[in-house]
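Here is a walk through one chain, from a pair of residues to the overall build and then to the surface. Keep the sequence and the 3D view at hand while reading.

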Amino acid sequence: MDDRFVLHVIRHLPTAGNEQRKYIGWTDESIVATQAECLLPASFVVGSDLLRARQTAALYFPEATYEADSNWRECHFGDFEGKTYVDLEKDIDYCRWIDDPYNYAPRGGESLIALEQRVLSALKRVSNGSVIVTHGGPIRLLLTRFSPIVKEFWSWSIPHGTGYRLEWASEQAFEEGQRCTSLSAVLITASGSM
């Protein structure tokens, strides 16, 4: 009997702010893509309530029902919102946050501990086989916490429009918060994008 537990997580397609390498957390920007085709079948998708995640899901899964959940939002970047690394590189609070994002938060924003609490709360409500459309921060957090490969939060590269498949040996292993047994990039589009 196969009782594996599988999740698919997909990062939304890019926005204009993303293309300018700005921190876009809770700003509700549209994606710049107007067409996309997804090879991953899904009739139900859960994800962030922000427009870019909803638009990505609508392009990738046009026939699917979408359940928006604000717990899948990107990190709240506070005063760093809409700014680039160049804008912030000399800001002492920014440097502290980059060096230790779990213990420091952007001014007026949230730490990774707060993000983690939100995302883990949302994760408890997903079912086996779920497809989740979210942001780079929540995906980095999931990979840092559950990947069989141990890496630091900022070490994960999560390009826009990419997907990952996380697989646990059982639903019990997932519910206990164990690391998954398999992590793989998922082919998302017919053109070969992952």
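R4 has a relative accessibility of 37% and so counts as partly exposed, because the partly exposed class runs between 20% and 50%. The model is a predicted one. R4 forms a salt bridge with E167, and the closest N and O atoms of the two are 3.5 Å apart. This pair links distant parts of the chain: R4 sits in the segment before β1 (5-11), whereas E167 belongs to strand β5 (residues 163-168), 163 residues apart. E167 has a relative accessibility of 11%, so E167 counts as buried. The bridge between R4 and E167 thus joins a partly exposed residue to a buried one.

The next step is the chain as a whole. It holds 7 helices and 6 strands. Along the sequence these elements follow the pattern β-α-β-α-β-α-α-α-β-α-β-α-β. The radius of gyration is 16 Å, close to the 16 Å that the globule rule gives for 194 residues, so the chain is as compact as a globular protein of that length. The C-alpha trace spans about 55 × 40 × 25 Å along its principal axes. Of the 194 residues, 47% are buried.

How many salt bridges does the structure hold? There are 10 in the structure, and the bridge between R4 and E167 has already been described. Another one is found within a helix. The side chains of D93 and R96 meet in a salt bridge at 3.4 Å, N to O. Both residues lie in helix α4 (residues 92-99), and they are 3 residues apart, about one turn of the helix. D93 counts as partly exposed because its relative accessibility is 24%. R96 is partly exposed as well, with a relative accessible area of 37%.

A further bridge runs between two helices. E116 and R145 form a salt bridge in which the closest N and O atoms are 3.1 Å apart. E116 lies in helix α5 (residues 112-123) and R145 in helix α6 (residues 136-146), so this pair ties together parts that are 29 residues apart in sequence. The relative accessibility of E116 is 18%, so E116 counts as buried. R145, at 36% relative accessibility, counts as partly exposed. Elsewhere, salt bridges that share partners join D79, D91, D93, R96 and R107 into one network. The bridge between D93 and R96 involves two members of this network.

Charge also gathers on the surface. Which residues form a patch of negative charge there? The patch is made of D3, E171, E175 and E176. One of these, E171, is found in helix α7 (residues 171-175). E171 counts as partly exposed because its relative accessibility is 42%.

After helix α7 comes a loop. G177 has its place in the loop between α7 and β6 (182-186). At 32% relative accessibility, G177 counts as partly exposed. G177 and Q20 are 157 residues apart in sequence, and their C-alpha atoms are 36 Å apart in space. R4 and E167, by comparison, are 163 residues apart in sequence, with closest N and O atoms 3.5 Å apart.

Conventions:
Residues numbered from 1 in each chain as written. Predicted model: local features only at pLDDT ≥ 70, side-chain atom pairs only at ≥ 80, totals over all residues. Heavy atoms only, no water. Patch = residues over 30% accessible without salt bridge, like charges linked within 9 Å, V, L, I, M, F, W, Y side chains within 5 Å. Areas by Shrake-Rupley, 256 points an atom, 1.4 Å probe, with all protein chains shown as cover. Salt bridge = Lys/Arg side-chain N within 4 Å of Asp/Glu carboxyl O. Lys, Arg positive; Asp, Glu negative; His and termini not counted. Charge placed at Lys NZ, Arg CZ, Asp CG, Glu CD. Helix = DSSP H or I, 4+ residues; strand = E, 2+ residues; numbered from the N terminus. Buried < 20%, exposed > 50% of the residue type's maximum accessible area, 1.4 Å probe, protein only. Rg over C-alpha atoms; globule rule 2.2 N^0.38 Å.
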